[in-house]
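Biologist: Could you walk me through this one before I set anything up? I'd like to go over the sheets, the helix packing and any odd backbone spots.

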Amino acid sequence: MGNKKVTIKDIANVLGITPSAVSKALNNHPRISEKTKVAVEQIAKNLNYQPNHLASALRKGKSNLVGVIVPLTNSNFFSSVVQNIEEVLNKKGYNIIITQSNESYKKECSNIDTLLYTQVDGIIASMANETTKLTHYKKIKSKGVPLILFDRGENDLGVDYIGIDDYKSSQLVIEHLVAQKCKRIAHIAGYSHTRIYKNRIRGYKDALEKNALPIEKELILETSLTLEEGRKKMELLLQLPNRPDAVYVAGDYAALGALQVLKEHNIKVPEEIALVGFSDEPFTSLITPSISTINQHSEQIGKLAAETFLERIEDPNWKPVLNKIILEPELVVRESSDKLGLLKKQ
């Protein structure tokens, strides 16, 4: 057939039967004889026929595909969430289409348009850092497609959400650093227009206030939380006349960048400056000093997101009560914040 895409009509012409009969044979219809089914399958194989899943989805009104949108695929947190989403959905006959926004609002909009065109049965997403407008997410809702948000999501959308208690996460970090005798704690934060980072900043401020520590604007630096941005913000903090004795970073990659800068300046961690990250990426336990961090329970989030989709798709009445599942964060204390040397005594 050359480069031409083989269709059901091509198979029908070879066998001298109708396209409808070919379609039924390919779908194992009981009214089609076994002889015809075998002949159709053989010709389809010979011609390298590839079924048009989009057309099939349009006919059936169901594609058994679920779109998953993540900001980054090189993050262990997001890859673990995706792995667990896929594990749960595969058991129920669904496949997933993974798209990456690269923290770009424009790319996220494009991903959503592509997934909707592909007739996915639902979308599970974590928002990009750049996202401030929610029009593209509202489009998903307007089409009646189930939308489940995880980790990053906005309350204004009124959809199912699974994540950890970000406010409490910050409080755990600050209480730990205060217990380590830190008195001037900086925060390399995510952008506050994103709800999770706003809650982390709020938790940080409230915990400082609770412990009678100053809240200073110069110690709160919002950023995209990349490794390079972590380096840049750490350099700025070191230039302050009164530099911090601890830094709480809202992402592990940025924390790694901050640690690199501290090492380059021959600053002892944690003795001179303690450091805590966020997300429990695998490298945090492997480097020296190992980085204290927050465990976000990625496996649970992935499974719960998938199960929530299944509840939505299997409930024809669309249960009016939304699933808002907030998991308890876990502080993992390692060398980078152990100023008192308590780990060595254990």
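**Sheets, helices and backbone**

Modeller: This is a predicted model, and a good place to begin is strand β8, which is covered on both faces: Ala246 and Tyr248 on one side, and Val247 and Val249 on the other, are all buried.

Biologist: Which sheet is that, and what order do the strands have?

Modeller: The strand belongs to an open sheet of 4 strands, paired in parallel and ordered β7-β6-β8-β9. Strands β7 (220-222) and β9 (274-276) are at the edges, and each has a single partner strand, so one side of each is left without a neighbour in the sheet. From one strand to the next the twist averages 15°.

Biologist: How many bridges join β6 to β8?

Modeller: Strand β6 (residues 185-189) runs parallel to β8 (residues 246-249), and 4 bridges join the two. Within that pairing, His187 has Tyr248 as its bridge partner, while Ile185 stands opposite Ala246.

Biologist: And which helices pack on this sheet?

Modeller: Helix α9 (residues 195-210) packs on it and touches β6, β7 and β8, with a direction that makes about 175° with that of β6. Helix α10 (residues 227-238) also packs on the sheet and touches β6, β7 and β8, but its direction makes about 150° with that of β6.

Biologist: What about the other neighbour, how does β8 go with β9?

Modeller: Those two strands run parallel and are joined by 3 bridges, with Val247 of β8 standing opposite Leu275 in β9. Together with helix α11 (residues 252-264), β8 and β9 make a β-α-β unit that is right-handed.

Biologist: Switching to the 6-stranded sheet, what's the strand order there?

Modeller: That open sheet is ordered β2-β1-β3-β4-β5-β11, again with parallel pairing. At its edges stand β2 (95-100) and β11 (324-327), each with a single partner strand, so one side of each has no neighbour in the sheet. Its twist averages 15° from one strand to the next. As one example of the pairing, β3 (residues 122-125) and β4 (residues 147-150) pair in the parallel sense over 3 bridges, and Ala125 is found opposite Leu149 in β4.

Biologist: At what angle do α1 and α2 pack?

Modeller: Helix α1 (residues 8-15) and helix α2 (residues 19-26) pack at about 105°, and their axes are 8 Å apart. An angle from 65 to 115 degrees counts as roughly perpendicular, which is why α1 is described as roughly perpendicular to α2. On the α1 side the contact is made by Ile8, Lys9, Ile11 and Ala12, and on the α2 side by Pro19, Val22, Ser23 and Leu26. Sorted by class, that contact has 6 nonpolar, 1 polar and 1 charged residues.

Biologist: Now the backbone: which peptide bonds are cis?

Modeller: Two to look at are the bond from Val269 to Pro270, with omega near 10°, and the bond joining Thr288 and Pro289, with omega about -5°. Pro270 is in the loop between α11 and β9, whereas Pro289 lies in the loop between β9 and β10 (293-295).

Biologist: And where does a positive phi turn up outside glycine?

Modeller: Asn64 has a positive phi of about 60°, and Ala212 has a positive phi near 60°. Asn64 lies in the loop between α4 (53-60) and β1 (65-70), and Ala212 in the loop between α9 and β7.

Biologist: Is Ala212 buried or exposed?

Modeller: Ala212 is exposed, at a relative accessible area of 70%, while Asn64 is partly exposed, at 25%.

Terms used. Residues numbered from 1 in each chain as written. Predicted model: local features only at pLDDT ≥ 70, side-chain atom pairs only at ≥ 80, totals over all residues. Heavy atoms only, no water. Axes fitted to C-alpha atoms, helices over the stretch in contact; angles between N-to-C directions. Parallel < 35°, antiparallel > 145°, perpendicular 65-115°, else oblique. Contact = heavy atoms within 4.5 Å. Nonpolar A, V, L, I, M, F, W, Y, C, P; charged D, E, K, R; others polar. Pairing = 2+ DSSP bridges. Buried < 20%, exposed > 50% of the residue type's maximum accessible area, 1.4 Å probe, protein only. Right-handed = clockwise from strand over helix to strand, strands pointing away.
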